[in-house]
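Grab a pencil and open the viewer: here are a few exercises to work through, each with its solution. Try each one before reading on.

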Amino acid sequence: MPSRSGRCSWLAKLSVRSGRREFRAQIDCNVSLHCLSDRNPEFALTKTEESDLKEENGKESVTEDDADAEDLEVFYPTNWWQTVHPGQAIPAGLHVRLNLQTGEKEAKLPDSTNEKSDMKDQKKRKRLDKVDIDSNSFTSQELKEALAKLKENEKTKSTMEANLEDVRKRFRPIEELKAEFERLNMRIETDYEIMVKLINKFNSSDSMLDEKIAALYDLEYYVHQVDNAKDFLSLGGLQLMINALNSTEAVMKEHAAFVLGAALSRRLGAPATFKSRQVAEQVKPQQGLLAWGHASALNQKLSNPKVQIEAIEGGALQKLLVILATEQPLAVKKKALFALSSMLRHFPYAQQQFLKLGGLQVLRNLFKEKGMEALYVRVVTLLYDLIMEKMLLEGAQNNEDQMEEKVQQYSQVKLVPAVVEQGWCAIVSNLLALPEHDTREKVLKTVSVLMAFCKDRYRGDQHLNITLSMLRSEYEELAAEEQREGDKDGYFKELLGSINTIIQELR
């Protein structure tokens, strides 16, 4: 047996720490002077590098002091009996015995040469399989990278667990959400279903007055939409509102007129028109209503003439005029005027019937009643809109048959002559004495529109000339102050321009 001093000792260690867990593989090989690494360098477990020397003072260096009882130590057999220490891994195929004198477990190679050769091969494979390295693996840099990767994985796992816990706190389980959605779906109602309930509540004889008013209040919100207004009509709600205008309760008439106006006010764009000139010529009061409803394609998209037609057929126009002509609270007349305006705008047939029923005279009488000042500007604005509808249509440069039909329909509405004949020129101009700038703006626009028809009367109106001079002085100062503040094209300058235009036309 070679002497102990003639042996070479090689130590290979693999140490990877991760949190609380630690894995080490230590291989001590004691062979003859011509050891395995000398004979075949590819089986060398360690390779001396400069980085290994520097590593001794680094934080990640591994020393023998780090070894503990859990380190895995491989048993290298020889032809002589050797003691197997606790924790040592014994290769397969060795002779193993228990020394009864010392009580220690011993092992050695088999006596046969073939078995000995086989054991050497098995020892090599076992060692390489256990450590899982090759001749150029696990340098110091690779050990550092392996350690960093394990630490990163541990950190990532911890972060994922924290994120998962945060998600659990912020979001509810899908089963709970599904159950809640099912409960919500059972309570969801369409607008149509809601309107059915509200109409039934309003029409029920068991409902108290407050309950009916509450139903009307909610209905006003829903019928603003065009489709809902049509459904409201099909459910008979529109006729119920018209009938409610005859109620002896002022609050009932007020809210019924409000709902009626909301259902009528959702038409926009061009007015309802006849489909052909032949239909227009053959219109009779009792059969012409449906012809008015055959609007152009554009009008059908932007207006709701069907509700207008049903309203005027149901007698809504007459009932609204009665409310405005009789003694009623201001709140009731406000809503009635709102419904009337919604019915007349962009509906020439309704305008024609309005004039026949003396509607202009009814509105004129409002200026004689006390406490109705809040309605003055509303009435003037309605007249301005109706006049401008006709003027804009007549001034449009379009030779299409459809445009000609519209012009013919509006030609039957003699609004401006009636306005001049009933003294509206003076009624409108007298409103310039009101102090509100917004009111003056609307009155100035109406005076400008009426100038072509009321110029002679305005020229002889001394009160109007004095009022215009005073307004010009007032707005010159306001416009100058506005300009000093940096607003060159301000509100007051625009009003001053309107006043100067009217004064210039009256000279």
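**Exercise 1.** Is helix α17 (residues 348-356) largely enclosed by the rest of the structure, and how many of its nine residues are buried?

Solution. Keep in mind that this is a predicted model. Start by going along the helix and picking out the residues under the 20% cut-off for relative accessible area. You should end up with P348, Y349, A350, Q351, Q352, Q353 and F354 as the buried residues of α17. That is seven of the nine, so α17 is largely enclosed by the rest of the structure. For context, buried residues make up 38% of the 507 residues in the chain.

**Exercise 2.** Find the residue with a positive phi that follows α17, and work out where it sits.

Solution. The residue is G358, with a phi near 75°. Next, place G358: it belongs to the loop between α17 and α18. Then check its exposure: at a relative accessible area of 26%, G358 is partly exposed. Finally, look across the chain to L321, which is 37 residues away in sequence, yet the two C-alpha atoms are separated by 8.8 Å.

**Exercise 3.** Describe how helix α24 (residues 462-484) packs with helix α25 (residues 491-506).

Solution. Take the geometry to begin with: the angle is about 150° and the axes are 8 Å apart. Angles over 145 degrees count as roughly antiparallel, and α24 and α25 are therefore roughly antiparallel to each other. The handedness of their crossing is left-handed.

Now list who touches whom. The α24 side includes L464, L468, L471, Y475 and L478, while the α25 side includes F492, L495, L496, I499 and I503. Sorted by class, this contact has 14 nonpolar, two polar and four charged residues. Among the residues of α25 that meet α24 is K493, which comes back in the next exercise.

**Exercise 4.** Which residue forms a salt bridge with K493, and how far apart are the closest N and O atoms?

Solution. A reminder before you look: side chains of opposite charge can pair when their charged atoms come close. The partner is D489, with 3.6 Å between the closest N and O atoms. Compare the exposure classes of the two: K493 has 43% relative accessibility and counts as partly exposed, whereas D489 is exposed at 67%.

**Exercise 5.** The structure holds seven salt bridges. Contrast the pair K333 and E369 with the pair D438 and K442.

Solution. Go through it in three steps.

- Distance: K333 and E369 meet at 2.9 Å, N to O, and for D438 and K442 the closest N and O atoms are 3.5 Å apart.
- Place in the chain: K333 is in helix α16 (residues 330-344) and E369 in the loop between α18 and α19, so to speak a link between distant parts of the chain, 36 residues apart. D438 and K442, on the other hand, both lie in helix α23 (residues 437-459), four residues apart, or about one turn of the helix.
- Exposure: K333 is buried, with a relative accessible area of 0%, while E369 is partly exposed at 24%. D438 is partly exposed at 40%, and K442 is partly exposed at 32%.

**Exercise 6.** How many helices and strands are there in the chain, and what share of the contacts with a separation of 6 or more comes from residues 24 or more positions apart?

Solution. Count the elements: 25 helices and seven strands. For the contacts, the share is 65%.

Definitions and conventions:
Residues numbered from 1 in each chain as written. Predicted model: local features only at pLDDT ≥ 70, side-chain atom pairs only at ≥ 80, totals over all residues. Heavy atoms only, no water. Axes fitted to C-alpha atoms, helices over the stretch in contact; angles between N-to-C directions. Helix = DSSP H or I, 4+ residues; strand = E, 2+ residues; numbered from the N terminus. Parallel < 35°, antiparallel > 145°, perpendicular 65-115°, else oblique. Left-handed = near helix turned anticlockwise from the far one by under 90°. Contact = heavy atoms within 4.5 Å. Nonpolar A, V, L, I, M, F, W, Y, C, P; charged D, E, K, R; others polar. Salt bridge = Lys/Arg side-chain N within 4 Å of Asp/Glu carboxyl O. Buried < 20%, exposed > 50% of the residue type's maximum accessible area, 1.4 Å probe, protein only.
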